[in-house]
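Here's a quick briefing to read with the model open in your viewer. Have a look at the structure first, then work through the points below.

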Amino acid sequence: QSVLNLDESLGTFDVVCAMGCMSIFNDDELTVFWKNLIRVCSPDGLIIVFAPLNSCGVDALISHRKRMQGKLGEWEKGWNIFSLETVTERIKGLGYDVEIERFKLPIVIERKDDPIRTWTHPTNSDPLQLINGLQLFIDHFFIVVDLKHRDH
């Protein structure tokens with residue numbers, strides 16, 4: 001079931017997590033994504049989202065297709081990256097405070113056959129920088145919304 005159209009009978013939960021899926025949604029779907037997470041979270045619950053974000057104030061909606069074993073694939077989405085500011089504004093617009101903390105990967109990840117999967121690539125500023133076949137440096141963040149703390 002997609003977070004964009006959650007069944008009303010689902011009920012509510014003390015903790016709602018969405019790990020690595022926010023980037024599949026486009027700009028129009030981002031607010032629906034957050035509204036639905038809030039709707040299924042209990043009034044004193046916690047929402048934790050893990051997603052790539054842009055700290056340079058840039059939103060990117062990305063479509064890609066890849067060649068695997070010499071064959072051209074279909075166009076796909078899944079690496080949309082919203083800015084810290086856009087995500088913060090959307091959540092605050094729904095009436096909630098938000099905490100955002102960068103995740104630092106503590107291990108090396110080797111490159112795989114699928115070029116869209118991330119791997120680590122050392123840079124001058126980060127020996128464990130994540131990169132993918134889109135040639136994007138990826139910075140992941142935890143986005144935490146504590147529903148007990150409304151934006152005032």
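Which strands each supply at least two residues of the lining of the largest pocket? They're β2 and β11. Keep in mind that this is a predicted model. Strand β2 comes up again below, in the pairing, the core and the aromatic contacts.

**Pocket and cavity**

- The largest pocket comes in at about 170 Å³.
- Its lining takes in Leu-53, Asn-54, Ser-55, Cys-56, Val-58, Ala-60 and Ile-81, plus Leu-136, Phe-137, Ile-138 and Asp-139.
- If you search the whole structure for cavities of 30 Å³ or more, you get one.
- The largest cavity has a volume of about 70 Å³.
- Around that cavity sit Arg-102, Phe-103, Lys-104, Leu-105, Asp-126, Leu-128, Gln-129, Leu-130, Ile-138, Asp-139 and His-140.
- Ile-138 and Asp-139 are worth clicking on: they're among the lining residues of the largest pocket, and they also help line the largest cavity.

**Strands and sheets**

- Strand β2 is largely enclosed by the rest of the structure, because 10 of its 14 residues are buried.
- β2 pairs with β1 in the parallel sense, over six bridges. One of the matched residues is Phe-13, whose bridge partner in β2 is Cys-41.
- There's also an open sheet of three strands, in the order β9-β10-β11, and the pairing is antiparallel. β9 (119–121) and β11 (137–138) are at its edges with a single partner strand each, so one side of each has no neighbour in the sheet.
- Three bridges hold the antiparallel pairing of β9 with β10 (residues 129–131). His-121 has Gln-129 in β10 as its bridge partner.
- Gln-129 turns up in the lining of the largest cavity too.

**Nonpolar cores**

- The largest nonpolar core counts 26 residues, and the ones with the most contacts inside it are Met-22, Phe-33, Trp-34, Leu-37, Ile-47, Val-49 and Ile-143. Two or more residues each come from β1 (13–19), α1 (27–39), β2 (41–54), α2 (84–93) and β12 (140–146).
- For a closer look, pick Ile-47: leaving aside neighbours within four places in sequence, it touches Val-16, Trp-34, Leu-37, Ile-38, Cys-41, Ile-143, Val-144, Val-145 and Leu-147.
- Apart from the largest core there's another one, of seven residues, including Ile-62, Trp-79, Leu-105 and Ile-116.

**Aromatic pairs**

- The count of aromatic pairs comes to five. One of them is Phe-50 with Phe-103, an edge-to-face pair at 5.3 Å centre to centre with 85° between the planes. It links distant parts of the chain: Phe-50 is in strand β2 and Phe-103 is in the loop between β8 (99–102) and β9, 53 residues apart.
- Are these two rings' residues buried or partly exposed? Phe-50 is buried, at 17% relative accessible area, whereas Phe-103 counts as partly exposed at 26%.
- Phe-50 also pairs with Phe-142: the ring centres are 4.9 Å apart and the planes are at 45°, so this pair is tilted. Phe-142 lies in strand β12 and Phe-50 in strand β2, so the pair ties together parts that are 92 residues apart in sequence.
- Phe-142 is partly exposed, with 30% relative accessible area.
- Elsewhere, Phe-25, Phe-33 and Trp-34 make up one aromatic cluster.

**Loops and backbone**

- Most residues other than glycine have a negative phi. Two glutamines are worth checking against that.
- Gln-69 has a positive phi of about 55°. You'll find Gln-69 in the loop between β4 (67–68) and β5 (71–72), where it's exposed at 80% relative accessibility.
- Gln-135 also has a positive phi, near 65°. It lies in the loop between β10 and β11 and is exposed, with a relative accessible area of 60%.
- Gly-20 is placed in the loop between β1 and α1, and at 45% relative accessibility it counts as partly exposed.
- From Gly-20 to Trp-34 it's 14 residues in sequence and 14 Å in space, C-alpha to C-alpha.

How values were computed: Residues are numbered from 1 along each chain as its sequence is written. This is a predicted model: local features need pLDDT of at least 70, side-chain atom pairs count only at pLDDT 80 or more; totals for chains, interfaces and linings use all residues. Side-chain values use heavy atoms; hydrogens and water are left out. Two strands pair if DSSP finds at least two bridges between them. Helices (H or I, at least four residues) and strands (E, at least two) are DSSP runs, numbered from the N terminus. A nonpolar core is a set of buried Ala, Val, Leu, Ile, Met, Phe, Trp, Tyr and Cys residues joined through side-chain atoms within 4.5 Å. Buried means under 20% relative accessible area, exposed over 50%, partly exposed in between (1.4 Å probe, protein chains only). Contact means heavy atoms within 4.5 Å. Rings of Phe, Tyr and Trp (its six-membered ring) pair if their centres lie within 6.5 Å; planes under 30 degrees apart count as stacked, over 60 as edge-to-face and the rest as tilted. On a 1 Å grid over the protein atoms alone, a cavity is a set of points where a 1.4 Å probe fits but cannot get out, and a pocket is an open set with protein on both sides within 12 Å along at least five of seven lines; lining residues have an atom within 4 Å of a point. Grid points are joined across faces, edges and corners, and a volume is the space filled by probe spheres set on the points.
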